[in-house]
There are 4 protein chains.
Amino acid sequence: MIIVMKPGAKESSIRQILNIIQSNQLEAHLSNGKEVTIIGVVGDKTVLCDKNLELFEDVEKIVEVTESYKLANKKFHPLPSIVKVGNTSIGGEEFVIMSGPCAVESEDQVMETAKAIKASGAQILRGGAYKPRTSPYSFQGLEEDGLKLMKEAREETGLAIVCEVTSLEAIEAASKYVDMLQIGARNMQNFYLLKEAGKTGLPVLLKRGLSATIEEWLNAAEYVMAEGNPNVVLCERGIRTFENSTRNTLDISAVPVIKEKSHLPIIVDPSHATGVRGYVAPLSKAAIACGADGLMIETHPNPTKALSDGPQSLTFKQFDDLCYELRPFIQLMNKRF
Amino acid sequence: MIIVMKPGAKESSIRQILNIIQSNQLEAHLSNGKEVTIIGVVGDKTVLCDKNLELFEDVEKIVEVTESYKLANKKFHPLPSIVKVGNTSIGGEEFVIMSGPCAVESEDQVMETAKAIKASGAQILRGGAYKPRTSPYSFQGLEEDGLKLMKEAREETGLAIVCEVTSLEAIEAASKYVDMLQIGARNMQNFYLLKEAGKTGLPVLLKRGLSATIEEWLNAAEYVMAEGNPNVVLCERGIRTFENSTRNTLDISAVPVIKEKSHLPIIVDPSHATGVRGYVAPLSKAAIACGADGLMIETHPNPTKALSDGPQSLTFKQFDDLCYELRPFIQLMNKRF
Amino acid sequence: MIIVMKPGAKESSIRQILNIIQSNQLEAHLSNGKEVTIIGVVGDKTVLCDKNLELFEDVEKIVEVTESYKLANKKFHPLPSIVKVGNTSIGGEEFVIMSGPCAVESEDQVMETAKAIKASGAQILRGGAYKPRTSPYSFQGLEEDGLKLMKEAREETGLAIVCEVTSLEAIEAASKYVDMLQIGARNMQNFYLLKEAGKTGLPVLLKRGLSATIEEWLNAAEYVMAEGNPNVVLCERGIRTFENSTRNTLDISAVPVIKEKSHLPIIVDPSHATGVRGYVAPLSKAAIACGADGLMIETHPNPTKALSDGPQSLTFKQFDDLCYELRPFIQLMNKRF
Amino acid sequence: MIIVMKPGAKESSIRQILNIIQSNQLEAHLSNGKEVTIIGVVGDKTVLCDKNLELFEDVEKIVEVTESYKLANKKFHPLPSIVKVGNTSIGGEEFVIMSGPCAVESEDQVMETAKAIKASGAQILRGGAYKPRTSPYSFQGLEEDGLKLMKEAREETGLAIVCEVTSLEAIEAASKYVDMLQIGARNMQNFYLLKEAGKTGLPVLLKRGLSATIEEWLNAAEYVMAEGNPNVVLCERGIRTFENSTRNTLDISAVPVIKEKSHLPIIVDPSHATGVRGYVAPLSKAAIACGADGLMIETHPNPTKALSDGPQSLTFKQFDDLCYELRPFIQLMNKRF
């Protein structure tokens, strides 16, 4: 932590800050510049959390030097984490594709989808049973009945399954059926939900919030991990900007940034990032090429009839073609699929 | 709803769309342009929600013409709503100031604050008992014990009280103690929480999400109202942009925009919007001058020792001076304080 | 300047940095933390501008502590600047309203407007002769003929006049006719244009770029001032965000932020910020209440026929009513109008 | 163009709009809904540009259906354009890499760089002679002397050269020396400069503005093309968002979006997009994989001594390794390098 004093800060103001630092058993290092004085603070800064040093006289600003997340931080865990989900693993040599409909609608829909995506090579079936929708008048999901259909599909195909959870109630229900819990973008800072998901010990797929910085995202992962659950997989799904030719702006740089700052696996969801079916294939290739550990891609037996997010869903044929096209890129990155 | 066809759309594609519209008992109005053909759809479009018309051949895009929120929409409720909270009312002639600490810390802190802000004219005491914090290692709130302290302060001073809720558990606890529930920015699209808050029938203070559009914000209000609870007050508290001299960017235009699109009251929180104490006074005046129904301002007996958000909190003296300075602006807007 | 070293930085890496600093006649202050080492640099850092210290081994990041703008910086010029334009002055006790059409179209239009706004109390006539338009097929302005019409209006009414310039050619022409040059948002970082405007010595109205930070804006002002021209007035006109119910998002906080960081006057343009006529009045009041030195408001004899930006223009009657409504707010801020 | 009327619009208001449309020889198609009435307008809408229909009574909003850019629009020019620059071509089967220093500093620097990048396979040398810098106190470029050094390097190596221009003066000088003019992000809406660049007939590399939408970017290209110069290459270089772990946010989706909306070639600049050397390689691969026609990558003989943008520059060894790594990705996309 660095404390920057205002130009012309009084000796007494500087001494007051030094006293607070030293009386909390921290070391202070003073740099007296011609224009400004800065004070470096060395030691465990959490003891200063209730001191609000920026409010003291002649203090201009406080600059944090270390990240607030520890468990998710690569500095303290340099080796990449591998998260086991059903029979597959994310973050290692295997490239993992999750696919399925935005919303679970019927037994036929789920079962057909599971078989089709399995045939194309996908390892995980996704399907929403609790749907966070912008309008209360949109379809809200089949809830526990949807989870049961997902479980049937898993028994039939051997695919692992991942479902979004939006409440403690949903976590409790989902824990009985799924291999991985998904925390959606709108709940990325629903800290209560993060803690409850952490407590289950199940792998957690943590989507980035629409306007979350990477630092906040890693702090959200920290909430899950601080409950003793290291099984977090991050999912970049686009951030909100002024650009409107795509639904969101896929922040592809998040992949190398996460690889530098954290040991957690990261996958990319081009379907939600763009909202446009035609952009899914090129962005999937981009995600692979810059080092993502997997993809989440929406598919539907009949996108024109999907109850949610149809316009961005691929047909089974399109998905199969895409998997075929992606294989050489995956090989080039030395991953298996 | 307007369907814009691609240039050179085939007759058969156009006929297919017309068939779908008409077979759903809607009217279609065709405009054949030299460059493009557009189809206006008249009637209750909710029957088309699972049709995904943008996926049909030769369709370029769908343009929505009507808003998806109804209960919050001024078009259907032209008169402004007035929401009663304790002995005060928001949205009418009274200008309402809510104040208090970001986090409830102790009995002394809450009681002192309640008395001080009451003396300055504030009508509602705010104080967080459940704190959503970016890092799991920051202070998380006193929970139900905090609510009890708030209730004591209310009994002592007669002020109404508002507390943030972050889970069903918190809603259940808060319902026993508070006059108004607050849904924070990070939970604005926690639809589960919105519904549960709606069910209590208590007034709900709904903060705008960090990257929520005004349309999404009104749809979030719709979630509460659709549970039969019309008592929603909106709170603009800054949105996320690239500008970093303030913590967020106060979207002051949200005040007149909401007044045009909705009948719900709107207040402004300059403390969270800027994160800087020195900007609270000028932005409070701006909020009044452009028609806000109230303000939420952070105060603390000793900001330098606040466990949360100290840098943006006012001392009681500063708050008292501010209320004094605000009065003539409030009068000019023909409101009482 | 503070240099933050990576955790576990080697002694030799630290020594290398210290050598560079000291061999450039600067002082280095070392703080050895358990986790990180930081080095404070004291002295004139411009000598390091070609050293790129962030590329050296074990360097994590460089944190700048002082602002790069000097002439526009309040730290070195604590008293507010007052900029004289024609017979009026901006930044002092007078509250200045600039008004007129987005684009100069005809003699009648300009003359009628000048007389009308003068009658309402405005001190400066604005009117665009060189129009930067998104599409090359939109009306591009009357150029020098437009400037002549503006000058006629000035001779007739005594109003000062301000016109946007978009090229050296336009600056040369405008210098013959106008009292103040305007640099538009799209040219805020057209540094060549800023320097040329600076050289004229004429007052410069510098609009904030659509995605410019306040720091960049003050650096743009610095370009003008570095040419020996201290007569810069800043104009906040909205920044680009995801919100789309207004054309841009008026960053009202820019007013108090500029007042804290700079001595330059700042005015607000609610017409361009929102693009909606109905929001001009409430935002004008907000701007006054938070301390702006003036306003720029679009008016047109017949907005439905304006060649540019009609939807945000006020009629003369609307403008006159607005000026009447604004007076008590201006008085409350102890300014004259 | 579609005109959406307010709910309950009066018959007379609707008739007024219909009259205006018809008296301008356009066709009007009326759709009377229960909630709203919409009017489709068919014909050449430019005749309405001075009508400002949104200001008429009972008009709610105007929805544009067709794009304002024509020459850059794929709808009217379905085949991809190929732009010849020196001996290379952008937009066809060849994958083009431009490389070199942010700023031209000396003969040795430019010549060394030219030879090194040529040896690695790059086809175009970049180097800035006119530098738009945020602060007036940063290095501003060698101007015409820099252009001469670039030309020498071209004569020595046969590489084509591209230089940024920031004024008419710079365009006039550059036209004597370079193969391609670059319009930088900060000047993307400097329409005067765009027109002047268009008039030269030279290929123009048009960088996307920091907060420009794709629609505005294509309209900027239209300015160049409307001067009779079809040789425009677009360059995505990151947009401004709230994320701060990278300097800007590379909008990788812009590549497939441009490929859908326009026939112009598009390249990607990962150096400026991220500002971090370590992210250049993964993002280069991503750009290739999603269909970009080329890359612009900063290199410098000694990045630690670069006068501009050192931290994002690669050494020659790093650049050579990168080109080697990129080849298989380029092959997979069926391009040559």
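Student: What percentage of the interface residues of chain B are also interface residues in chain C?

Tutor: Keep in mind that we're looking at a predicted model. The copies meet through the same surface, because the interface residues of chain B are also interface residues in chain C, and the share is 100%.

Student: Which helix of chain B gives the most to the side that touches chain C?

Tutor: The contact takes 33 residues from chain B and 33 residues from chain C. On the chain B side, H7 (254-261), H9 (280-289) and H10 (316-332) each supply at least two residues. By class, that side has 18 nonpolar, 11 polar and four charged residues. With six residues, the top giver is H9(B).

Student: In chain B, which residue has the C-alpha nearest the axis?

Tutor: Start with the superposition: chain B lands on chain C after a rotation of 180° with 0.0 Å of shift along the axis, and the RMSD is 0.0 Å. The two copies are thus related as by a two-fold rotation axis. At 1.9 Å from that axis, the nearest C-alpha in chain B is that of B:Ala286.

Student: Now over to chain D. How many strands make up the closed barrel there?

Tutor: Follow the order E7-E8-E9-E10-E11-E12-E13-E14 in chain D, where the pairing is parallel. From one strand to the next, the twist averages 25°. Count along that closed barrel and you get eight strands.

Student: Which residue in E14(D) stands opposite D:Val268?

Tutor: Strand E13 (residues 266-268) and strand E14 (residues 294-298) of chain D run parallel, and two bridges join them. Across from D:Val268, in E14(D), stands D:Leu295.

Student: At what angle does helix H6 of chain D run to E12(D)?

Tutor: Helices lie across the strands here. Helix H5 (residues 191-200) of chain D lies across E10 (180-183) and E11 (204-207), running at about 170° to E10(D). Helix H6 (residues 214-225) of chain D lies across E11 and E12 (232-236), and its angle to E12(D) is about 155°.

Student: Is the crossing of H2(C) and H3(C) left-handed or right-handed?

Tutor: In chain C, the axes of H2 (residues 107-120) and H3 (residues 144-157) come within 9 Å and cross at roughly 35°. Residues including C:Val110 and C:Ala114 in H2(C) meet residues in H3(C), among them C:Leu149 and C:Ala153. The contact's residues divide into six nonpolar, one polar and five charged. As for its hand, the crossing is right-handed.

Notes:
Residues are numbered from 1 along each chain as its sequence is written. Chains are lettered from A and ligands numbered from 1 in the order in which they are written. This is a predicted model: local features need pLDDT of at least 70, side-chain atom pairs count only at pLDDT 80 or more; totals for chains, interfaces and linings use all residues. Axes are lines fitted to C-alpha atoms, for helices over the stretch in contact, and angles run from 0 to 180 degrees between N-to-C directions. Helices (H or I, at least four residues) and strands (E, at least two) are DSSP runs, numbered from the N terminus. A crossing is left-handed if the near helix is turned anticlockwise from the far one by less than a right angle, and right-handed if clockwise. Two residues are in contact if their C-beta atoms, placed from the backbone, lie within 7 Å. Ala, Val, Leu, Ile, Met, Phe, Trp, Tyr, Cys and Pro count as nonpolar, Asp, Glu, Lys and Arg as charged, and the others, Gly among them, as polar. Two strands pair if DSSP finds at least two bridges between them. Copies are superposed by least squares on the C-alpha atoms of residues with pLDDT of at least 70 in both.
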